[in-house]
Every structure is written in structure tokens, then in C-alpha cells.
Amino acid sequence: MHIPDAFMPIWQGGIYWIIALIFIVLALKWARSEMTEDKIPMVAVLAAGIFAIQAFNLPVGFGTSGHLVGGALVAILLGSPYAAVFVLTLVLIIQGFIFGDGGITTMGANIINMGVIGGFVGYYSYLGLHRATKQVYISAAVAAWLACFIASLACAVMMWLAGTFPLIPGLMAMGTYHALIGIVEGAITAGAIYLLLQARPEFSDTVTGVNAA
């Protein structure tokens with residue numbers, strides 16, 4: 001899911017960077033208004049956890065790999081998709097500039113896939129499912145699966161537009177692997193929310209959507 005520099009023309013990566021910067025600015029506005037003292041440790045823990053889980057990569061084909069994303073987990077726990085953009089951007093900057101995991105010219109595309117798509121799909125899927133079922137953990141698991149799966153399809157489309165690999169085989173490869181990876185992501189997301197609510201019950205309003213932002 002981390003697109004390297006050589007997999008995309010610089011001009012195309014620049015377009016994704018412009019789009020990503022719009023969401024980054026909105027995420028910074030969220031951070032300034034919503035980053036209270038009780039949320040700062042949570043952001044740090046989530047960023048470290050996502051950095052760790054993304055380190056485990058599975059080869060997908062066409063020179064790419066698949067891994068867990070974490071955008072839905074951040075958005076659900078912190079009550080906003082912009083939280084996912086904020087945290088994933090921090091993680092991707094560290095991965096790209098320090099560890100060489102993912103390109104610099106393509107970082108905008110990676111932020112869109114994992115932060116924007118992962119965060120927005122995960123958050124609003126969770127809200128809709130929770131309102132319909134009132135089941136926190138099932139809703140979170142399904143939403144996290146959707147966020148991982150749809151982000152992988154978006155990545156495949158980007159690679160097709162870049163001329164890196166054909167559309168249908170790319171969608172099948174990325175979609176199939178991330179449909180399976182998404183099951184693990186759903187379980188981890190539901191489990192993390194359960195553990196958080198046991199330790200920090202004051203987050204229950206945010207998780208149940210009462211304080212949705």
C-alpha cells in the first residue's frame with residue numbers, strides 16, 4: 001500500500017500531494033480545536049501502534065505489498081476522520097523520510113489512500129452501521145474491513161492511472177489480499193476499542209458517536 005517513487009510519474013504524484021495537503025490543513029485545524037490533553041497520549045499510542053502494524057508486509061504482486069492500515073481505528077477512537085488524516089500523515093512522514101518505506105513524491109497518494117480514504121470510509125461506515133445495529137464492536141470490525149479493502153482498490157486504480165500495472169489484475173490482486181488482511185484489521189480494531197473502553201470509559205461517548213465530529 002506504500003507506493004514507491006518509481007511507481008508513479010512525478011506530475012501525477014504532485015496532483016495527489018495537492019489533494020492531500022487540503023486534507024492535511026483540515027486535519028491540523030481538527031488538531032488545534034480537538035487535541036485536548038487527554039487525547040494527546042492516545043494520539044501518540046495510536047501513531048506508534050499503526051507504525052508497528054504497518055511494518056508487517058505481505059507480497060501482493062506487481063512489485064507491491066499489502067498490510068494493515070489503521071485509519072478506521074484512529075477515526076473511531078478519536079471521533080473524526082480528520083484524526084486519521086492527522087495520525088496517518090505523521091506515520092507516513094516518518095516512514096518515508098526516515099525509513100524509506102513509501103516514496104516522497106508519492107506520499108500524497110499514500111496519505112489519500114490510508115489517511116483520507118481509510119479514515120473517511122472507516123468513520124462514516126462505522127457511524128452508519130452503529131446507528132443501524134447499536135453494536136459497537138461488530139460495526140467497528142466491518143467498518144475497518146471496508147476501510148482497508150476500499151483503500152486497497154483506490155491504490156490499484158492509482159497504479160493503473162500511473163501505468164504501473166493493468167487495472168483488472170491489479171484490482172484482483174490488491175482486493176483479494178486486502179479482503180483477507182481486512183479481516184485481521186477488523187478484529188484488531190474491535191479488540192482495541194474494547195480494551196480502550198474497559199480502561200478509559202470516558203471515551204464511550206466518542207466511540208458511540210454521541211460526540212461525532
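**Legends to close-up views of the predicted model**

**View A. Val142 and its separation from Leu73.** Val142 belongs to helix 6. The structure shown here and in the other views is a predicted model. Helix 6 covers residues 136–161. The accessibility of Val142 is intermediate: the residue is partly exposed, with a relative accessible area of 36%. Leu73 and Val142 stand 69 residues apart in sequence, and their C-alpha atoms are 11 Å apart in space.

**View B. The protein chain as a whole, for orientation.** The protein chain contains 8 helices and 2 strands. Read from the N terminus, its elements follow the order α-α-β-β-α-α-α-α-α-α. The radius of gyration is 16 Å, close to the 17 Å that the globule rule gives for 213 residues, so the protein chain is as compact as a globular protein of that length. Along the principal axes, the C-alpha trace extends over about 45 × 35 × 25 Å. Of the 213 residues in the protein chain, 50% are buried. Among contacts with a separation of 6 or more, 76% join residues 24 or more positions apart.

**View C. Glu185, a buried residue of helix 7 without a salt bridge.** Glu185 is situated in helix 7, which comprises residues 167–199. Although Glu185 is buried, it has no salt bridge, and the nearest side chain of opposite charge, that of Lys39, is 19 Å away. Why does this distance exclude a salt bridge with Lys39? A salt bridge requires a side-chain nitrogen of Lys or Arg within 4 Å of a carboxyl oxygen of Asp or Glu, and Lys39 is 19 Å away from Glu185. A polar atom of the Glu185 side chain does, however, lie 2.6 Å from the backbone nitrogen of Gly70. Setting aside residues up to four places away in sequence, Glu185 touches Leu68, Val69, Gly70, Gly71, Ala144 and Cys148. Gly70 thus appears both in the 2.6 Å pair and in the list of residues that Glu185 touches.

**View D. Cys148 and Cys155, two buried cysteines that form no disulfide.** A search of the whole structure returns 0 disulfides. For Cys148, the closest cysteine sulfur is that of Cys155, at 11 Å, which is too far for a bond. The converse also holds: the sulfur of Cys155 has its closest cysteine sulfur in Cys148, again at 11 Å. The cut-off behind this reasoning is 2.5 Å between the two sulfur atoms, so the pair does not qualify. Cys148 is buried, with a relative accessible area of 0%. Cys155 also counts as buried, at 4% relative accessibility. Cys148 is one of the residues touched by Glu185, which links this view to View C.

**View E. Lys134, a non-glycine residue with positive phi.** Lys134 has a phi angle near 65°, a positive value in a residue other than glycine. Where along the chain is Lys134 found? Its place is the loop between helix 5 (107–133) and helix 6 (136–161). Lys134 is exposed, with a relative accessible area of 58%.

**View F. Ile104 in the loop between helix 4 and helix 5.** Ile104 is located in the loop that separates helix 4, residues 81–98, from helix 5. Its relative accessible area is 29%, and Ile104 is accordingly partly exposed. With neighbours within four places in sequence left aside, the contacts of Ile104 are Asp5, Trp17, Gly96 and Phe97. Between the C-alpha atoms of Ile104 and Leu171, which are 67 residues apart along the chain, the separation is 24 Å.

**View G. Gln12 in helix 1.** Gln12 is placed in helix 1, which runs over residues 10–34. Is Gln12 buried or exposed? Gln12 is buried, with a relative accessible area of 5%. Apart from neighbours within four places in sequence, Gln12 is in contact with Met158, Leu161 and Ala162. Ala109 is 97 residues from Gln12 along the chain, and the C-alpha atoms of the two are separated by 9.0 Å.

**View H. His2 and its side-chain contact with Gln95.** His2 occupies the segment before helix 1. The residue is buried, having a relative accessible area of 11%. The side chains of His2 and Gln95 make a polar contact at 2.6 Å. Neighbours within four places in sequence excluded, His2 is in contact with Gln54, His67, Leu92, Gln95, Asp101, Gly102, Asn110 and Met114.

Notes: Residues are numbered from 1 along each chain as its sequence is written. This is a predicted model: local features need pLDDT of at least 70, side-chain atom pairs count only at pLDDT 80 or more; totals for chains, interfaces and linings use all residues. Side-chain values use heavy atoms; hydrogens and water are left out. Buried means under 20% relative accessible area, exposed over 50%, partly exposed in between (1.4 Å probe, protein chains only). Helices (H or I, at least four residues) and strands (E, at least two) are DSSP runs, numbered from the N terminus. Lys and Arg count as positive and Asp and Glu as negative; His and the chain ends are not counted. A polar contact is a pair of N or O atoms within 3.5 Å; within protein, one must be able to donate a hydrogen and the other to accept it, and residues adjacent in sequence count only if both atoms are side-chain atoms. Contact means heavy atoms within 4.5 Å. The radius of gyration is taken over C-alpha atoms; the globule rule is 2.2 Å times the number of residues to the power 0.38.
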